[in-house]
Amino acid sequence: MREIDDQMKKPLLKHLVEITAHREHSRLAVSVLSALYQLTNVQRIRMLELFSMREEYYVQEKMVITEGEIHTIDEHTADDPKELLSAYPPIQECIRSHLNEFLEISPEGVHILWLPVWLHGKVNSCVEIRSERAFDQQMLDVISGIFHVFCNYQSLLDYSERDALTGLFNRKTFDEQFTKYAFAIAPHESHSLDKDERRTEAIDEEVKGHWLAVVDIDHFKQVNDRYGHLYGDEVLILMANILRASFRSHDRIFRFGGEEFVILLRATTLSDARKIFDRFRQNVQEYDFPQVGNVTVSLGFVGISRETPVVILGHADQALYHAKNTGRNRICFYEELVDSGVLNSGITTNDTVEFF
């Protein structure tokens with residue numbers, strides 16, 4: 001980095017200290033964008049997230065700073081606005097040519113700097129910086145320095161939050177985040193409603209809610225015993241890919257270890273949740289796993305309420321256990337099983353999930 005003006009050194013160091021103090025991705029991103037905006041005095045900065053859904057790639061705005069104000073897309077928004085990746089040729093060029101930056105001038109004369117965030121060999125997000133004047137070398141040096149600190153630090157956070165084999169979020173991340181997540185997105189229940197009234201409200205097919213599912217690969221021990229652990233690991237990796245392709249970017253997928261996965265499905269009706277979970281089950285059933293061939297999954301899910309995490313997870317686990325005991329390769333909804341008298345509404349433990 002070239003020599004930075006003495007006037008800029010102190011605020012630069014202050015921002016770097018603040019950036020490295022965070023232990024959560026969204027706060028880290030806010031801190032970085034704020035530092036870039038304040039130190040460079042540019043027109044606008046945006047953080048864009050890239051994701052795939054049903055074999056199409058999309059770009060989604062996660063946060064933007066303009067005119068000194070920062071706006072973020074609420075983590076719990078039902079319908080996140082998104083655009084096709086093809087609407088962003090500079091990002092496509094960064095991916096195609098494996099570039100670390102791309103500088104362009106818009107037809108209106110705005111200078112735009114694109115900074116893709118590479119993680120595990122893929123671009124998972126991109127920073128867009130717009131300036132009415134050309135980027136001088138000192139400004140580019142400051143941007144480059146802060147951005148590379150951000151990328152390196154994000155890699156460290158990502159490493160601690162994710163399962164090494166599949167790249168999905170790990171059990172530790174679930175334990176740390178789910179309480180905050182559940183209370184943020186759970187529907188506000190009236191204390192005047194009794195338990196039966198709340199259950200009826202929760203299973204309304206047309207009311208948008210949030211759902212937790214526990215997934216288990218059927219007869220996975222037989223895969224390891226028959227084909228060996230290398231093929232077993234390949235099944236887990238491919239299963240993680242199917243999970244990513246079957247759910248939306250704002251849903252959350254965790255690997256609990258072994259052949260167990262947990263899904264947090266947000267802001268959808270019960271009827272749509274059934275379809276989404278069953279589509280995932282069908283996607284697995286129809287996939288031809290190398291050497292192994294056909295693999296199936298069982299899934300139990302529950303509506304997220306203001307119960308404790310152990311209760312919510314326990315209910316989904318009961319539904320999963322019922323699915324496995326009644327034929328496998330199926331999905332079961334906890335509240336429906338309780339209402340039909342198949343399950344009691346208490347928690348029973350079994351060997352499929354370790355509680356907190």
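Me: What phi does Gly228 take, just after α7?
Reply: Bear in mind that this is a predicted model: local features need pLDDT of at least 70, side-chain atom pairs count only at pLDDT 80 or more, and totals for chains, interfaces and linings use all residues. Residues are numbered from 1 along each chain as its sequence is written, and side-chain values use heavy atoms, with hydrogens and water left out. Helices (H or I, at least four residues) and strands (E, at least two) are DSSP runs, numbered from the N terminus. Right after α7, Gly228 has a positive phi, and the value is about 100°.

Me: Why do the buried residues of α7 count as being on the same side?
Reply: Buried means under 20% relative accessible area, exposed over 50%, and partly exposed in between (1.4 Å probe, protein chains only). In α7, residues 220-227, the buried ones are Phe220, Val223 and Asn224. They sit on the same side because the arc they cover around the axis, taken from the directions from the helix axis to the C-beta atoms, is only 95°.

Me: And which residues are exposed on the other side of α7?
Reply: The buried residues of α7 pack against β8 and α8, where contact means heavy atoms within 4.5 Å. Turn to the other side of α7 and the exposed residues are Lys221, Gln222, Asp225 and Arg226.

Me: Which are the edge strands of the five-stranded open sheet?
Reply: Two strands pair if DSSP finds at least two bridges between them. The sheet runs β9-β10-β8-β11-β12, with mixed pairing, and its twist averages 20° from one strand to the next. Edge strands pair on one side only, and here they are β9 (252-257) and β12 (331-333).

Me: Which residue in β10 stands opposite Gly257?
Reply: β9 pairs with β10 (residues 260-269) in the antiparallel sense, over five bridges. Opposite Gly257, the residue in β10 is Glu260.

Me: What angle does the direction of α8 make with that of β10?
Reply: Helix α8 (residues 229-246) packs on the sheet and touches β8 (208-217), β9, β10 and β11 (297-303). Axes are lines fitted to C-alpha atoms, for helices over the stretch in contact, and angles run from 0 to 180 degrees between N-to-C directions. For α8 and β10, that comes to about 5°.

Me: What is the relative accessible area of Asn41?
Reply: Asn41 is in the loop between α2 (25-40) and β1 (44-53). Though not a glycine, Asn41 has a positive phi of about 55°. Asn41 is exposed, and its relative accessible area is 60%.
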